[in-house]
Amino acid sequence: MPSSILYVETPLWESPTLSDRIGRRAVLKMEAFQPVGSFKARGMGAACRKAKDEGVEKVVCSSGGNAGLAVAYAGRVLGMGVTIVVPERTGERARGLIRREGAALLVHGEAWDDAHAYAVGLAAETGSAYIHPFDDPAVWRGHSSMIQEVHAAGVEPGLIVVSVGGGGLLAGLLLGMDEVGWGEVPVLAVETRGADSFAQAMAAGDLVTLPGITSIAATLGARTVCREAIDAARRHRVTPLVVSDRQALDACLAFATDHRVLVEPACGASLAAGYDALGPVTAHEPVLFIVCGGAAVTPQMLAEWDRTVR
Ligand SMILES: *Cc1c(COP(=O)(O)O)cnc(C)c1O
């Protein structure tokens with residue numbers, strides 16, 4: 001792959017097993033195949049490119065893992081200095097991947113929100129641009145490119161299934177859907193219990209801040225979603241769904257067997273909606289699953305969770 005590539009066009013795969021489970025055609029948008037292992041390559045790459053075009057030389061990002069990895073990667077490709085702040089919850093696997101891209105790695109606070117507050121201050125002190133991992137129109141625009149690709153491939157989904165962390169992916173997806181005239185297509189927005197800040201906000205009709213994050217899906221662990229996620233969701237047909245860590249994990253294990261691809265529980269949450277046949281049943285096919293991926297997973301991690309998660 002040329003070293004100047006920020007993201008690639010990902011394949012669309014038919015899934016015979018998920019199609020069997022839901023009784024309708026299931027199509028997978030394989031974002032796990034981005035150079036950094038997740039769709040974050042799109043949005044974070046776009047935000048870094050924008051900063052670079054504005055003359056920025058140093059960026060700071062806070063991240064549970066994949067956004068930081070994507071910024072570290074984009075920063076290396078674009079020739080910018082990168083500092084990533086991760087919370088203590090972020091594991092060794094993700095930390096190692098970020099360091100390997102040549103970024104400076106700092107650890108601060110227990111959850112992402114703490115790392116974020118620290119990183120904002122650090123950016124101001126060091127004259128760097130702060131790259132927000134999900135609350136930034138440039139990030140949403142970057143993510144929206146995945147919908148442009150699905151549309152260009154001639155696939156017209158009857159339902160789209162997507163995971164929600166801070167809501168940047170959802171906001172980008174809805175933006176892309178509007179652009180291609182899919183504003184009426186229903187969306188199933190999936191989280192794990194203990195990281196369900198979107199479902200709670202939709203139920204409350206306003207932003208909700210969780211007291212803490214208790215799910216293994218660390219990548220979904222924003223205590224508060226961005227306002228655009230709920231504003232855009234209210235303008236569209238978005239149904240929140242909350243699954244258990246066990247369901248997300250079982251979906252990761254099944255997906256690895258069925259499609260020979262490792263994904264994080266953050267992505268397994270969406271896949272669980274297929275494996276467990278949850279969510280609205282729409283007459284129109286196919287159901288499009290955004291396989292958001294995630295680099296911070298190994299066979300050993302899945303095996304360990306398989307022993308410990310109830
Ligand atoms: C970041 C991420 C999410 C959630 O995306 P948000 O934009 O924070 O909602 C889901 N899955 C994976 C693998 C991620 O890296």
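1. A cavity, as the word is used here, is a set of grid points among the protein atoms where a 1.4 Å probe fits but cannot get out, and a residue lines a cavity if one of its atoms is within 4 Å of a point. The structure discussed in this note is a predicted model.

2. Two cavities of 30 Å³ or more are found in the structure. The largest cavity holds about 400 Å³ of space. Its lining consists of 35 residues, and those closest to the centre are K40, G165, G166, T219 and L220. The second largest cavity has a volume of about 40 Å³.

3. What takes up the space of the largest cavity? The ligand does. Around the ligand stand 16 residues, and the closest of these are K40, G165, G166, G167 and L169. K40, G165 and G166 are therefore worth finding on the model with both lists in view: they are among the residues closest to the ligand, and they are also among the lining residues closest to the centre of the cavity, where a lining residue is one with an atom within 4 Å of a point.

4. Three polar contacts to oxygen atoms of the ligand can be checked by eye. An N or O atom in the side chain of K40 is 2.7 Å from a ligand oxygen. For G167 the partner is a polar backbone atom, at 2.8 Å from an oxygen of the ligand. N66 offers a polar side-chain atom, which lies 2.9 Å from a ligand oxygen. On its own the ligand would expose 380 Å², and the protein buries 98% of this area.

5. The shell around the ligand is made up of seven nonpolar residues, eight polar ones and one charged one. The lining of the largest cavity has 16 nonpolar, 16 polar and three charged residues. Helices α3 (66-78), α7 (168-179) and α11 (265-275) each give at least two residues to that lining.

6. Which residues line the second largest cavity? They are I22, R24, L159, V161, L188, A273, G274, L278, P280, V287 and F289. Two or more of the lining residues come from each of β7 (159-163), α11 and β10 (287-290). By class, nine residues of this lining are nonpolar, one is polar and one is charged. The polar one is G274, because Gly is counted as polar, and the charged one is R24, because Arg is counted as charged.

7. Helix α11 deserves a second look. It supplies at least two residues to the lining of the largest cavity, and it also gives two or more to the lining of the second largest.

Technical notes. Residues are numbered from 1 along each chain as its sequence is written. This is a predicted model: local features need pLDDT of at least 70, side-chain atom pairs count only at pLDDT 80 or more; totals for chains, interfaces and linings use all residues. Side-chain values use heavy atoms; hydrogens and water are left out. A residue is near a molecule or strand if one of its heavy atoms lies within 4 Å of it. A polar contact is a pair of N or O atoms within 3.5 Å; within protein, one must be able to donate a hydrogen and the other to accept it, and residues adjacent in sequence count only if both atoms are side-chain atoms. Accessible areas come from the Shrake-Rupley method with a 1.4 Å probe; for residues, only the protein chains shown count as cover. On a 1 Å grid over the protein atoms alone, a cavity is a set of points where a 1.4 Å probe fits but cannot get out, and a pocket is an open set with protein on both sides within 12 Å along at least five of seven lines; lining residues have an atom within 4 Å of a point. A molecule sits in a cavity or pocket if more than half of its atoms lie within 2 Å of its grid points. Grid points are joined across faces, edges and corners, and a volume is the space filled by probe spheres set on the points. Helices (H or I, at least four residues) and strands (E, at least two) are DSSP runs, numbered from the N terminus.
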